Each structure stands twice: as structure tokens, then as C-alpha cells.
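Trainee: I'd like to practise reading a model from its elements up to its contacts. Could we go through one together?

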Amino acid sequence: MLAFVLRRVALIVPTFLGVTLLAFALIHLIPGDPVENLSGERGMDPARRLRLLHEFGLDRPLPVQYLDYVGQVLEGDLGSSLTTHEPVLQEFRTLFPATVELAFFAMLLAVALGLPAGILAAIRRNTAADYAVMGISLTGYSMPIFWWALLLILFFSVQLGWTPVSGRIAVEYDVPAASGFMLVDTLRAGDWGAFRSALSHLILPSIALGTIPLAVIARMTRSAMLEVLREDYVRAARAKGLKRRQVIVVHALRNALIPVITVIGLQVGLLLSGAILTETIFSWPGVGNWLIHGVQSRDYPVVQGGILLIATIVISVNLIVDLTYGVVNPRIRHA
Amino acid sequence: MIEVEESLEAVEPGPRAAGPLTEFWHAYAQSRGALVGLAIAVALVLLAIFAGALAPHSPYEQYRELTLSPPAWQGGDPRFLLGTDAVGRDILSRLIYGTRLSLLIGLISVAISLSFGIVLGVIAGYLRGWTETTIMRLMDVMLALPSLLLAIAVVAILGPGLINAMYAIAIVLVPHYVRLTRAAVIAEKAREYVLSSKIAGAGPLRVMFSTILPNCLAPLIVQATLGFSSAILDAAALGFLGLGAQPPMPEWGSMLADALEFIQRASWVVTFPGLAILVTVLAFNLMGDGLRDALDPRLKR
Amino acid sequence: MALLEVEDLHVEFGSVSDPIIAVDGVQLTLEAGEVVGCVGESGSGKSVTALALMGLTEFPGRVRAHRLALAGHDLRTLSGRQHRRIVGKEIAMIFQDPLASLDPCYTVAFQLAETLRVHGTHAERSSAKLRRARALELLRQVEIPDAEARLAAFPHQLSGGMAQRVMIAMAIACNPKLLIADEPTTALDVTVQAQVLGLLLKLQRERGMALLLITHDLAVVAETAQRVYVMYAGQVVETGPVPGIFAAPLHPYTQALLAALPEHNLDRKRLKAIRGVVPGSRDRPSGCLLHPRCDYALERCRAERPRLEGARGRESRCHFPLDERGRPTHGWAPMSRVRASSP
């Protein structure tokens, strides 16, 4: 087990460095003058340009620049936004909880519905229930997220008026930002109206974002269960005279969960991709929205920092998933 | 004790074994979903090819008097079956021409990424050692980024536009093909027919491409089909964000970008382009699944 | 009344109109405390029969029988609950691949205790401590060294032989009247095979348990069983006491099986193999299922299905059973040399 953990952690280092290299290269690959790109100023006089060139360290050889960059990153200095002039890391920290809250609920939905659906489809193989689950799942991951989000808004917000169209909370509420998680903060403040408002704002975006992970989880659970149900130990468990439910939950599910957990973990990367689109549509103040505005307004420090941070988070989550897999799979845990 | 003798009865010839293509078709046709997917895909291809003849209007022509006209069955002008958009363009025609665009994007992106992916994968799998490690680490880095994020990064560098979007999508797909090809190459390399080919004097390049590759084809074909639908979704996403096809191109994703504004007044502007994407992606996903099921037993051969 | 009575058992898969026949009218009886062997090649339907007895036939298999009873209880008409009370308690089974038959996610102790929790005495069902003590005791009874340590082991930490012992322990935990062993030693090393077999027999003797030993290995049957059923292509083709059936087999198939044993081929360069292949589930021959491969087959064998006939306890399914010298009762003429002959 220890060897497994060490190996996995060791693998992170080159991947992380690779990502920093990518982020570093980004600035230099963008067409145009790096000085202009990094400062946001156009048409400077040569003296100022020279000064900025030196300030940004752009006059030094590339490898040195890269090392400087890595050093800065490790210290937490990711530059400042060209539009707001706030440090990139700080902006990210402020906006990240919104994305996490959204992703969390999306994932909760995906697992709470996807897992049972997959199990049901496997147990009732080739029946109407199975085809229904598979059909819905297939449609789910064949849909563009942003269209699905629009449809949801069209139906639930516009036609039925049940849910709000955008934002995290109704304008009239002013919640002190403590943790950054709206549901937590509103509860802390004891403001029920605000809590309900936050919840209602959370519903549609979570559904939109969680649909694709739901579809994938349902599918993978079904195929994992089908494989496990064919195994000898399931037959042997039945031969012991165990109740059907016992066989399925205690033996089949436990073994099927091993690959499924990995799949669930890998959905996080997908969630962050989807968050970019979902946040745009629902005007959700998270990092996805922030990143897109950065790209559209050529705010390169934001783009560079955002990509680096998001990639780092994905890598870390993948590591946690890997380690969880090692714990859950007895062959690795008790090697 | 009786001797075991050969029977002198004539052996009747069995039914002629079906050729591999017919055999494959039988397996593929087992799944109704796969057939439906194929039918839709063929219809879409025909739509794309004959867009000029089939579309009632030009996708760019603006009928200023009839902006945001509803579909024909909701009381709109019967000339515009699915209604018009914000600047008065016929939605149906734009959708039909959009088919051409989307299929093209999918085809080119997948073609590019397959080429790079296969070459890199074969090199990595065949040469092993440092070459393999470097290539695979690079792929890991690419996979560490959520795919849309990577595509956005590439577009951020190259600038928005249809061609650049294609490059971006192609780049995003490459790691999957590299991984697949490398795994298949490593498995095949150990097989005997490769050894005998080597003994016969075939050089490494020849061994790589003419001996090993044909046997890795099956999983690649499946992945390529699924990659096709993934490419269409990514292209639509980039179009939606304004980073892909630029107006006035009738790309489905960018058609949806304007829709948000008019969602309350003109819901048809939202529904139809998305429906087009859904149907197309669904068709190719069904095909990909059908291909996987049909080729699977042969994969295990 | 016999412990186990099976009459005309059929198991089919596939579509109803064009079924794949796995078991084609098998009959078996077992008395309490008997050791009975069931031999046949792969594809003879022996394992499918065993699973059908346990009610473990996988969907979409269809099982029907004229009679299927354990100690007089009709197994066909049991409710799910009643069935579960019998399976694992009155009748237990061990399988061919012991390592694959143990759930990799749970310890040996857990899996042993599971049986006790379901079928054990009231005391066992309520006390975890008692279950653990019983589990330890069971492991010692199956001669596992260092049983205490083994309780906490996971299946992947066990060897094949130990895993099979654990399976045996689980099977005998509630003193079943009948234990079905489906190729229990096939997946094990040769040295371990004898040990496990010996253990099975010892437990059988000590507990007065009936043992149905399914195997393709004639030598195993010859050493352990009191009676044997020979199966071919889903049917019982011969049944008789050991060693009589081997000294003077009635059915050509049994004879051929014996002739193919290495011990009987010491003077030859090649093993005397039975030509041809076991019929698949689809291309079942007309008449006697063995006739395409049988050297003694005549026209009647191709035309008419033989029934299981003969003295009680010594039956065979052949139109021309062999005599004491191993020759068919119709004379001696391999099919290839006969143009038209009458029986």
C-alpha cells in the first residue's frame, strides 16, 4: 500500500511541472507582444516598454524565465488581473467556492440518481427499465450542456416561473460572505428567506451540470454490476442461500463500486469543463465565468493563472481518486 | 478392442463461411439502436452534401421585416418552416448548412487527431524507454486539463475562428488515441506473428505500420466514431462561447449563443439548433456503441 | 426413500423455439451418506445438472423435471424463502475455482460467519463472538494450519488449496445432508488434489454426509465413489457401482473413456482418443447421441433414441450394451465397414 501511495504521489510532480510549462508557454505563444499582453497596455513609448520588459523579466533567457515563473507560482504569485488589478490568486479564491458549491450539488445529484439507476438497469437487464435507463443516459451525454440549461430555464423559469433565471441569490439579500458557500453562510446568518433563495437558485444549474455525470455514472455502474454479477463469487454467495438483496448489496455492489468510484472521481474534470458553460448561462459568479471573461477580454494573467489553478485542482482530485481506489480495492490495500 | 479407424463416409461440405465484412454487418445489425444511428448518420451526410438543393433559402440572407418570426405551425410565415432568428435568417436553412459545417468539423478534427495520435502511439508503444515516457507524460498533462479548458487555451493562443477551433478540438482528442494505440501496440508486439515478421527481415517501420497496426484497428474505429460526436459537442461549445465559428457562419453552437437573449420571446431560436446537435451526436454515439458491440468479440480474438 | 431423487431433468437455454439443450433427461438418485461420482467430458452437462439441483441455474435457463426432491421435499414447488432455507443448509456446493468463488472484498472470517448468520442455530445467529469461535473451529476441521491468522486473511492472500478448504468449511458449516462438489480439485496443484479429496472423504465419513462428486477424472471416481453416473452430451449414458462399472462397462462411451486413460495405454505410442467432438448445443445427432463417434454404431443407432435400461442400479443407454468381454451384443462390425446391416 505504501509503495502504491508513494508511486502515485511521485507521478504528480512531472505532471504538475508539465502544466506549469503549458501555462508559462501560453503567454509566449499568444500572438502579439508579450509585454503588451502582460501589461494590457498598447502602443507604449519605447522607454516604458523597455522598463516593463525588465520588470516582467522578459529580457532574460527563456529557461530562467520559466524557473522564475515556477518560483512565483509556488509562492502564490500569479500576477494580477488586467481588468480589476486584483491578484489573480485572490480573485480565484473568492470565486472558487461558488463553483465548488455548484459542482458539489451537481455531483450529489449525479451519484444519488445515477448509481441506483445503473444498479436497477443491471438487475433488470433487458427489460423496459433497463432500456429506459440506458436510453435516458445516452440522451444525457449526447446533449450539449448549454442547450440543456437553456431548455431547463425555458421550462422551469420562463413557462412555470418556479425557479429564478440567473445568479446565486435574489438581489435583495445581502449575505455576509464567510465561507463563500451560500447555503452555509445563509444558515449561519440565520436568514431563512436567503437560504431558500440560495437553494432555489442552485437547483437548475445543478441539474444542468449534473446531467452528463449522471448519464456516465449510470452507464458505468450498470456495466460494472453486470460484470460482477457474472462472477463465481456471486454464484457461490447464492449457493450459500443468502437473500437476493444481500447478494446484490453486500457482494455485487461492493465489488462493482471499485471501478465505479474511479469513474465518479474522474467526472470532476468533466464538471469543471461543464461549469464553464453552466456558469456562463446562469450568470453564476464562479471561476468558469471568470475564466471565460478573461479569455474574451484578453486578460492574459487571468487566463494563465486560471488554467494553472484549475488544472492543479483536477490533478489533485485525480490523485485523491487514485488513493481512494487503493483503499477500496482490498488487493491493493492488503497487498 | 476396436481399432479407431477413419470413417469412410463422405463429409458433406458445410455452409460457406461468410466473408469478414458480411460477418461484421450481421453482428452490427443485431442492435436496433446501431441501425437507427447509422440511418440518421447517412441522412445527415446526405443533408450536408445536398444542402444547396435542400435548403429553401440562403443561410445568410436576412429578411429584415420578418425577424424572430415563429415557426410555420405557430402562426409564422409558411416560407420559413422553423421560423427566423434575430436578424431574419431562415432557421431551417441555417440548420441544414450547419449540418455541413458540423460534419466537416468532426471529420477534420478526428482525422487530424487520429493521424497524430496513431503515429505517437505507435512510436511510444514500439520504442518504449525514454521516448515512451516523454510522450506519455505529455499526454498526461494534456489529460489533466478538462477538455474544454484545453480547447479554450489553444483558441486563446491561436485566436477565435472555425479553423483554429478544429485544431483545438483535434489537440484535445489526441491523448485518447495515443493511449489506445500504445496499449494495443504493446499487446500486439508480444505476439508471435510480429516475431516471425521480424525474423523474415522486416524493418521496424514496416513492422510497426503494416503488421501491428491493422490489428489495433478495431478499438480505434470505435473511439474515432465516439470522438466524432465529442468533436461536434466541443465545436458547438466553442461556437457558443464565441470562440469557434464566427458569425455569420451557420454553426449550431453559435446559433445558440444569441438564443439566451430571446429565450422568453422566441423559444424556437433555442430549441431547434440544440435539437440538431442532440440528434447528430446521438446518431454517432449509437453507431459507436454498435460498432463496439459488433467488433468486441473480434477484439478478443 | 432416497435422499435425492431426480427424474427426467431438462435444462435449456436460448429461445423457446430453438433451444440450446444442456441437460437432456437426466436421472439421479442418492441415498443418505453415499458417495456418488458423476463423470463426463466438458460439455456433458454435469455442472449444469448440479446447478439445477441447487436452483442456481442462471437466467435465462429453464429447468423442468418430472421429479426433483430432497428428502422427500419437492424442490420444484418451493417458494423463494423455503428454497433459501434449504440451499446452503441441507444441500451445499463447492465449486471448481475456489479463489474466484470467494468474494475478494471480505475476509475469510466474514464469509464464514455469513453462512452461520443465515443458517446457524439461534445462538449463532445472535452472537458474533460465537460465530467467530465456530468459524475458527470449522477452519481447524478442514485442517488449515494457523487457523487463527487465516481468519483475518483476504482471498487473494490464500493459496488455491487453502481457498478450497475455506469453501469446504463454509459448505459444511451447517451440517448439510448433501454436499455437491463440482470439480473440486481440477484447479489445484496435483500434490494438493489428493489432500483436498482426502479431506472431503474424511468429512463425509465423519458426518454421514452424502457426497456428489462431479469430475472428468475417472481415477478420482474410481478411488472415492461407491457409485458413478457417466454423462455424455447432457444425458446419463451409464450408471453402476464402482469398481464393477470400470471392470465391465456396458456403454461404449464408458469403455472409450477407460481406454483413453494413460494407465491403459502403456503399450501404445499414442493415447487412444475418441475420435470426433462432443456435439455442441446445436448440432445434436439423431438417435443415439454418441453414434457418430461410436465404433460399434449401426443403423438403428442412427435412427432410434436409446433409453436408459437395465438391471436396477446398473443401467445403460445403448441399443447394444457391451458384454463382459467388452464387445457389443450385436456382433462386431465398425460402421465404416458395414454398408447395410440389420440389427
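Trainee: What does the secondary structure of chain A come to, in helices and strands?

Mentor: Helices (H or I, at least four residues) and strands (E, at least two) are DSSP runs, numbered from the N terminus. By that reading, chain A has 14 helices and zero strands. One caution before we go on: this is a predicted model, where local features need pLDDT of at least 70 and side-chain atom pairs count only at pLDDT 80 or more, while totals for chains, interfaces and linings use all residues. As for labels, residues are numbered from 1 along each chain as its sequence is written, and chains are lettered from A and ligands numbered from 1 in the order in which they are written.

Trainee: And how many helices does chain B have?

Mentor: Chain B has eleven helices, with zero strands.

Trainee: How much of each chain is buried?

Mentor: A residue is buried if 20 or more other C-beta atoms lie within 10 Å of its own, exposed if 12 or fewer, and partly exposed in between, with C-beta atoms placed from the backbone. In chain A, 42% of the 335 residues count as buried; in chain B, it's 44% of 301. The C-alpha atoms of chain A fill a box of roughly 85 × 55 × 40 Å along the principal axes.

Trainee: How many residues does each of chains A and B give to their contact?

Mentor: Two residues are in contact if their C-beta atoms, placed from the backbone, lie within 7 Å. Here 36 residues come from chain A and 35 residues from chain B. On the chain A side, the elements that each supply at least two residues include α1 (2–29), α11 (244–282) and α13 (300–328).

Trainee: What classes of residue make up that side of chain A?

Mentor: Count Ala, Val, Leu, Ile, Met, Phe, Trp, Tyr, Cys and Pro as nonpolar, Asp, Glu, Lys and Arg as charged, and the others, Gly among them, as polar. The side of chain A touching chain B then has 29 nonpolar, seven polar and no charged residues.

Trainee: Which residues touch the most other members of the largest nonpolar core?

Mentor: Such a core is a set of buried Ala, Val, Leu, Ile, Met, Phe, Trp, Tyr and Cys residues joined through C-beta atoms within 7 Å. With 162 residues in the largest one, the answer is A:F146, B:A151 and B:I169. Apart from that core lies another, of 101 residues, including C:M162 and C:L257.

Trainee: Moving to chain C, is strand β9 mostly covered or open?

Mentor: Start with the principle: in a regular strand the side chains alternate between the two faces of the sheet. In β9(C), residues 210–215, six of six residues are buried. C:A210, C:L212 and C:I214 lie on one side, with C:L211, C:L213 and C:T215 on the other, and both faces are covered.

Trainee: Which strands pair with β9(C)?

Mentor: Two strands pair if DSSP finds at least two bridges between them. Strand β3 (residues 35–39) of chain C runs parallel to β9(C), joined by five bridges, and C:V39 has C:T215 as its bridge partner. Strand β8 (residues 178–182) of chain C is also parallel to β9(C), over five bridges, with C:A181 partnered by C:L213. From β8(C), the chain crosses through helix α8 (residues 190–207) to β9(C) in a right-handed β-α-β crossover; right-handed means that, with the strands pointing away from the viewer, the path from the first strand over the helix to the second runs clockwise.
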